[in-house]
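Biologist: I would like to go through the empty spaces in this model. Keep the answers short, please.

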Amino acid sequence: MLRDEGVPMRAQSKWRGLRAASIAVFAAAAFVMSLLVPSLADTPAQANPSAGFEAGNIIDDALFYDGTAWSAGQIQSFLDQRVPRCTIGDAGREAYAPYGNTTIAGACLKGSLWTTAPRPADSYCRAMAGATNESAASYIARVGAACGISPKVLLVMLEKEQSLVTDTWPTFRQYDFAMGAYCPDSGPGGSANCDPGRAGFPNQLYNGARLLKIYKAFPNSYNYKPFQSNRIQWHPNAGCGTSDVWIENWATAALYIYTPYRPNQAALNAGWGTGDACSSYGNRNFYNFYTTWFGSTHGITVDETFVNFYNEAGGVGGLYGRPLAAATHVGIGKMQEFAGGTLYWNPYAGIGSVNGAIRTLYNQMGGAWSALGYPMGREGYAHGGAVQQFERGTAYWTARTGASAATGTIRSLYTQNGGPAGAFGFPKGVEKTQSGGLRQEFEGATAYWSPRTKSAAAVSGDIRTMYHAARGANSEMGFPKSMARAQSGGLRQEFEGATAYWSSRTGAAAVSGDIRAMYHAERGANSEMGFPKQAARSQSGGLRQEFEGATAYWSPRTKSAAAVSGDIRTMYHAARGANSEMGFPKSMARAQSGGLRQEFEGATAYWSPRTNVAAAVSGDIRALYHSLYGANGSLGFPLGPVTEQNGTRTQRFEGGSIVWTAQRGAEVQASAGRLLMSEPLPDAASPETEPGTESEPPTELDEQPAPETEDAARTEDETPLSNEAPAAAAE
């Protein structure tokens with residue numbers, strides 16, 4: 001659109017609206033709009049044509065989008081009245097004579113004839129056939145009908161942009177850019193930089209009308225939106241400030257996209273004249289032209305379907321205010337826009353309404369065609385917010401959350417958990433797609449649904465925080481499969497790829513993979529392992545995860561998960577755990593001879609209540625010990641770790657010691673120092689065994705492990721996590 005916000009009266013030059021001083025507009029279609037006012041001779045005298053101007057409702061939708069408001073004959077009669085005599089041909093105004101850098105046209109608008117091209121149908125305008133020697137009046141009528149823009153609006157636009165309706169000797173430049181379409185102010189000094197490929201009266205009229213429909217089709221692509229508050233400048237000079245305007249309808253939003261300034265009181269008081277330094281005139285002039293030529297920009301009646309419902313709400317002075325557009329059919333029902341809301345009806349839901357921020361959200365979601373369907377009844381209030389029921393969903397509003405809606409399975413879950421009165425609180429926004437499923441935020445929870453889980457579930461509290469920190473449904477945890485449930489004084493929640501736990505002692509953490517399988521096989525949080533204290537972390541090429549009463553490990557070499565606990569855990573961590581020669585645990589601790597035995601990659605750990613010591617045996621000492629029935633044999637349980645002196649390694653047991661030297665290998669030594677044997681007896685009851693195993697007499701019965709009594713024995717000195725073996729690990 002071409003516009004000149006600083007000039008209220010029409011300039012005498014034929015450069016109307018095309019000066020280099022034009023102000024830039026940021027509409028997506030890059031219109032630039034002239035806001036020049038016609039001379040007083042062009043309009044009937046009246047006290048103040050701007051009286052009644054409403055910033056939030058400049059013109060009703062029903063009038064603006066009435067494409068068949070006038071026929072070609074009515075338009076022609078109107079043009080003839082505006083220019084009783086065309087002065088082209090008078091002295092100094094000869095047709096096709098040069099005028100500045102343009103040329104005087106061959107005819108005034110009322111007598112102009114055009115060759116118009118065919119136009120295919122699209123989402124905004126119906127198809128139009130081409131024609132030759134078509135009058136301007138005929139083409140204005142056809143474009144209005146095809147694009148659904150009132151011919152009266154198009155006439156006002158032509159006058160605002162180029163004074164074509166009233167000009168008695170227009171130029172080709174005025175025709176070429178009649179609607180100011182595709183004329184961004186990107187030229188030198190902010191001047192109009194019109195696209196010559198879009199020039200010509202037929203092109204301008206069609207594209208200008210089509211753009212007004214595009215504004216309505218894509219409200220979120222522009223800075224001014226209907227049915228909500230918009231901040232609008234008074235003038236191109238930002239120093240003049242802004243005002244907040246609740247735009248009541250689509251037509252008014254389109255005019256502000258076209259000309260993004262609100263006339264101040266000085267401009268309105270001036271009528272056709274000049275206001276003050278912060279006055280703008282474009283939207284004032286639209287109103288002035290329309291009301292001067294065609295009467296009121298308002299005057300729509302309430303559809304009979306809605307009359308009783310509307311009057312029960314207070315009529316024009318009530319909740320909904322005056323009607324903005326005539327009722328229209330929507331699917332199997334109908335709707336009608338009002339200043340304060342929109343009324344809907346269908347034969348199944350009856351009459352319902354939307355208003356305020358919920359109406360804005362509903363329109364953004366697609367209105368009656370959205371997942372919500374038709375509204376049912378009026379908006380109600382509960383728990384400090386507004387609630388509106390729909391056929392297939394519920395919309396909410398609070399000052400904290402704004403407008404939101406819940407639909408489908410997530411809505412069912414929300415209702416089952418108490419809705420706004422429950423732990424979820426109010427929803428925040430609408431559901432969004434994630435990882436092939438859906439996610440919706442609430443004040444106190446996040447709800448999810450997935451076609452794999454076939455159900456909706458929510459995460460809340462510390463589990464929600466932990467889950468989102470791990471990237472939620474995008475992580476290996478996947479979607480939640482159920483709500484959190486109480487377990488052992490804390491909470492447990494199942495996910496596709498993990499189980500999350502929380503307790504007041506540990507906070508929230510998840511277990512997954514083989515560690516999860518092992519943990520659950522041990523009875524999870526009900527076992528001595530207690531609750532997990534953190535997520536699994538990498539160590540020595542495997543994984544390590546801390547629990548209250550144990551530490552779980554997994555390695556691709558062992559291909560299984562196992563946990564260490566109690567004194568064995570303390571001893572193992574003191575030896576640097578999986579970073580030591582012991583490597584990863586290969587199994588859980590098992591009862592043996594009244595104590596415990598646990599296998600590791602490079603050692604076997606033992607503990608006994610008689611020794612009250614956890615110790616590991618490894619290497620050749622381990623091989624000999626196991627060949628002698630280990631803790632089931634005469635040596636009993638180890639009394640401590642290996643000690644080394646002068647190349648001799650010694651490990652003490654209840655019934656003696658095993659000594660190792662490089663020359664003799666491992667040998668059993670009695671308590672007085674006498675060597676008993678260096679290899680197993682060749683007895684059928686004592687077969688050769690592989691390192692890490694032991695043959696046990698068939699009469700020995702396994703015993704259950706003694707319960708752990710001190711949490712202090714279940715802690716460890718943390719060591720740096722590493723995928724490499726320690727540089728100085730003992731053999």
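Biologist: How much space lies in the largest pocket?
Modeller: This is a predicted model. Rolling a probe the size of a water molecule over the atoms shows where empty space is left. For the largest pocket, the space comes to about 760 Å³.

Biologist: Which residues lie nearest the centre of the largest pocket?
Modeller: The lining of this pocket has 29 residues. Two or more of them come from each of α1 (61–64), α6 (201–217), β7 (328–330), β8 (333–338) and α11 (356–365). Nearest the centre lie Lys-216, Trp-250, Met-335, Glu-337 and Asn-363.

Biologist: How many residues of the lining of the largest pocket are charged?
Modeller: The lining divides into three classes. Nonpolar residues number 14, and polar residues number 10. Lys and Glu count as charged, and Lys-216 and Glu-337 are among the residues nearest the centre. The charged residues number 5.

Biologist: How much space lies in the largest cavity?
Modeller: The whole structure was searched with a cut-off of 30 Å³ or more, and the search finds 1 cavity. A cavity is space where the probe fits but cannot get out. The volume here is about 50 Å³.

Biologist: Which element gives the largest share of the lining of the largest cavity?
Modeller: The lining includes Tyr-65, Leu-212, Tyr-215, Lys-216, Pro-219, Tyr-224 and Pro-226. Trp-250, Ala-253, Ala-254 and Ile-257 also line the cavity. The elements giving two or more residues are α6 and α7 (250–258). The largest share, 4 residues, comes from α7.

Biologist: Which charged residue lines the largest cavity?
Modeller: By class, this lining has 10 nonpolar residues, no polar ones and 1 charged. Lys counts as charged. Lys-216 is also listed among the residues nearest the centre of the largest pocket. In the cavity lining, the charged residue is Lys-216.

Biologist: How many residues of α7 are buried?
Modeller: Buried means under 20% relative accessible area. Trp-250, Ala-251, Thr-252, Ala-253 and Ala-254 are among those that meet the cut-off. Leu-255, Tyr-256, Ile-257 and Tyr-258 are buried too. The helix α7 is mostly covered, with a count of 9 of 9.

Biologist: What share of the chain's residues counts as buried?
Modeller: The chain holds 16 helices and 35 strands. It exposes about 30600 Å², and carbon and sulfur atoms supply 52% of that area. Of its 731 residues, the buried share is 53%.

Technical notes: Residues are numbered from 1 along each chain as its sequence is written. This is a predicted model: local features need pLDDT of at least 70, side-chain atom pairs count only at pLDDT 80 or more; totals for chains, interfaces and linings use all residues. Side-chain values use heavy atoms; hydrogens and water are left out. On a 1 Å grid over the protein atoms alone, a cavity is a set of points where a 1.4 Å probe fits but cannot get out, and a pocket is an open set with protein on both sides within 12 Å along at least five of seven lines; lining residues have an atom within 4 Å of a point. Grid points are joined across faces, edges and corners, and a volume is the space filled by probe spheres set on the points. Buried means under 20% relative accessible area, exposed over 50%, partly exposed in between (1.4 Å probe, protein chains only). Accessible areas come from the Shrake-Rupley method with a 1.4 Å probe; for residues, only the protein chains shown count as cover.
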